[in-house]
Amino acid sequence: MNGTDNALMAQVGAGEVAKLAVLFERHHGALFRYFVSMNRNREWSEDLVQDVFFRMLRYRTSYDSKQSFTAWMYQIARNTNVDHAHKRRGEVVGIEEFTERRPEPASSAPGPEESAVRVQDLALLKRALDRLPSDKKEILILSRFQEMKYEDIAVVLGCEAGTVKVRVYRAMRALEEIYFTLAGEKAS
Amino acid sequence: MNRFSIVLGLASTLGTLLVGQDTPDRVTVPFRDAAKARTLVVVVVNGGMTIRGYDGKDAIIEANSRGGPSRGRLRLPSAPPGMHRIDNQNSGLDISEKDNVVTVNGGIMHSVDLLIQVPIQTSLKLKTLNGGHLTVENISGEIEAENTNGAVTITNVSGSVLANSMNGRVTVSLDRVTPDKSMSFSTMNGIIDVTLPADVKARLKMKTDNGEIYLDDGFDVKLDASSRAPVVSDRRSSGGRYRVRLDRTTYGDINGGGPEMQFTTYNGSILIHKK
Amino acid sequence: MTCEEAKTLLSEYWSQTLDETRELAFDAHLAGCETCRAETERLGVLWKSLALLPVEEPSANLRGRFYETLGAFRQGLESAPRRSLREKIVSFWPRQPAWQMAVSFALLVLGVGVGYEIRPEKQEQPEVAQLRGEVSNMRQLVALSLMQQQSAGERLRGVGWAYQVEPSDTEVLSALLKAVNQDSSVNVRLAAADALHAFGASPGMRKAILEAIPKQSAPLVQIALIDLLVDLKKKEATPDLRALAADQAVHAGVRQRATWAVEKLQ
């Protein structure tokens, strides 16, 4: 199984540090999206991605190739995010300004999946997602955007896979509630 | 690995319970692991194919022979009394599934048109050699399509595309683009007509010898300064040389630039539309 | 199945990871329970819409910073054994003051001698050069590993990376030639042929290109290779190009191009 994430990280651990470049190429985009979704700040998110890969280097020997690399990576990502949040406490965040800069979601063309999709207002959905409590938001990002296996998410969050499934359901319920509240505000 | 051959027109036992033959010319093959990425690989020697995404889990493969006695449903003549036919593998399709990769080979002896439906999220590797169309609709994944003697038409898809035709037109319409993926569209003699989502970010590399390049006015494209230089420079009157610039490649960034998107045609034009 | 049980299966239903047995049971429940059916439908629409949200991309900065960090880290690793050598000297340090003095003096003499011997002209330069070397090694690694991937899209990216390695990099050059000759995707072969431009000065280039042309099934790639010979001004290729132009088995467009190239190289 040469060339898989697990094998590559094991090689990094065994001293072939340069192989981390391949893992970076494969995962930095997804990690960046995870952080941006969590923090809504591009600059921080780039710092955080950088930090995750640096931590992988530091803890490279502690990686066990029998363990899912994706789960391990998001465990590190979560810790990194928590550490940075502590440091940043008190800083004023330009969230609104950031939201303005985002590409207009409504402009992105419908994908093939949209045949079944009746919700047109993606901007509204994005706002609803941003308003979710962070634990709910996180589980949706991991399961939906990162398309992680529920078993891997369970490892990252330190709970049972069954719990993850129920929490995904609850997060979707909460998202729906906020979405329709926002839609109601908009309509009135 | 489950590997078997079917011969069109025969409701033969397929040797595995996983596969269902609904009608003589229709076969359903499940992808083993619904959680894992799916890939469909199709090679048609003679004939064409249409691949369509649908809201389901299996690959549904339908074959239509061309110009046969009953078009649309192939029936081989029944054997004379007292005799039985030994089926030649080459007369039908060869279908197999391994590690979530469904492979279909066909059109070796007879010309065949395939209609294959797969779950929307499936990656495709498609190749046709002789006289067929190659059409893909409603797919989300990595799409690789090559057609030697016909057109390649890929519409209503998301993901990334590598498309090539030797003599035909290459038409691609992407609803959404996977960020970070390089793409490439090429044809020897045809037109390349590509529609991209409004927010696509890419580094365009466009090369045509005898055609023109048309870009949608609605796109924010910054062409490289060197690309704008005239292709022909005539300095003979001022004692200079008459030269045609060899590099007919035009570079440009769309929406600020991104992964490389290459367009290559010799005799055709390049059209890039905004969705 | 109760409604509570059905709810625990919903997330797997959306992500299409339910096995057949459970999906059938789930469907059976929906068929009889209007509340669950409506909820599955409503939330399922939201679930699908989530995939349609626009995607944020990191800036190009991120990649540059990563490779710098990785380079610096590797450099640090290489100097690590030296540090442990120092630790060995420390452990060797005698406890007796008289011996300490003697050893100090010996080390001082040795140190001055060594210092004189290896004193660098400019201290930073070798480090910067090394860092640059590390970064280019990693680009090579990325290019090579992507070019070996199953996915044609990934291989195409690997070819793109080849533009960022040193033009003297023979490993990447041979990977590109291999791609030109053997890759299953016409588009990857075409991109690899283009990428060879950067390696034009390499010895044996003309021969490699001329050998590649007849192996090609795609005329588009053959033409790209002929153009490459012209761009690199490989005049010595003229006889081969003439032969190609006269070969009736070759695609007409390719023969035409070869004729044009012969004129061009005059």
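**An all-helix chain, a strand-rich chain and their contacts with chain C**

In chain A, residues 24 or more positions apart account for 65% of the contacts with a separation of 6 or more. That figure, like everything else here, comes from a predicted model. Chain A holds nine helices and zero strands, so reading from the N terminus simply gives α-α-α-α-α-α-α-α-α, by the usual run-based assignment of helices. Of its 188 residues, 39% are buried.

The start of chain A is a handy place to look around. A:G3 sits in the segment ahead of helix 1 of chain A. Is A:G3 buried, exposed or partly exposed? With 13 other C-beta atoms within 10 Å, A:G3 comes out as partly exposed, because being buried takes 20 or more such neighbours and being exposed takes 12 or fewer. A:V22 is 19 residues away from A:G3 along the chain, and the C-alpha atoms of the two are separated by 9.1 Å.

Next comes helix 1 of chain A, which covers residues 5-13 and has A:L8, A:M9, A:Q11 and A:V12 as its buried residues. Looking down the axis of helix 1 of chain A, these buried residues fall within an arc of 155°, so they line one face of the helix. After helix 1 of chain A comes A:G15, with a positive phi near 115°.

Chain B is built along other lines, with one helix and 23 strands. Its 275 residues include 43% that count as buried. As for contacts within chain B, among those between residues at least 6 apart in sequence, 59% join residues at least 24 apart.

One pair of strands in chain B gives a feel for the local detail. Strand 6 of chain B, residues 93-98, shows two faces: B:L93, B:I95 and B:E97 are on the covered one, while B:D94, B:S96 and B:K98 are on the uncovered one. Strand 6 of chain B pairs with strand 7 of chain B, residues 101-106, in the antiparallel sense, over five bridges. Which residue of strand 7 of chain B is the bridge partner of B:E97? It is B:V102, so to speak the opposite number of a residue on the covered face of strand 6 of chain B. The hairpin made by these two strands of chain B has two residues between them, and there B:D99 takes a positive phi near 50°.

Both chains also touch chain C. On the chain A side, 46 residues are in contact with 36 residues of chain C. Helix 2 (20-39), helix 3 (42-58), helix 6 (122-131), helix 7 (134-145) and helix 9 (161-187) of chain A are the elements giving two or more residues to that side. Which of the elements of chain A gives the most? Helix 2 of chain A does, with 10 residues. Sorted by class, the side of chain A that touches chain C has 27 nonpolar, seven polar and 12 charged residues.

The contact between chain B and chain C takes 23 residues from each of the two chains. On the chain B side, two or more residues come from each of strand 11 (140-147), strand 12 (152-165), strand 14 (183-187) and strand 22 (260-265) of chain B. The residues on this side of chain B divide into eight nonpolar, seven polar and eight charged.

Definitions and conventions: Residues are numbered from 1 along each chain as its sequence is written. Chains are lettered from A and ligands numbered from 1 in the order in which they are written. This is a predicted model: local features need pLDDT of at least 70, side-chain atom pairs count only at pLDDT 80 or more; totals for chains, interfaces and linings use all residues. Helices (H or I, at least four residues) and strands (E, at least two) are DSSP runs, numbered from the N terminus. Two strands pair if DSSP finds at least two bridges between them. The arc is that of the directions from the helix axis to the C-beta atoms. Two residues are in contact if their C-beta atoms, placed from the backbone, lie within 7 Å. Ala, Val, Leu, Ile, Met, Phe, Trp, Tyr, Cys and Pro count as nonpolar, Asp, Glu, Lys and Arg as charged, and the others, Gly among them, as polar.
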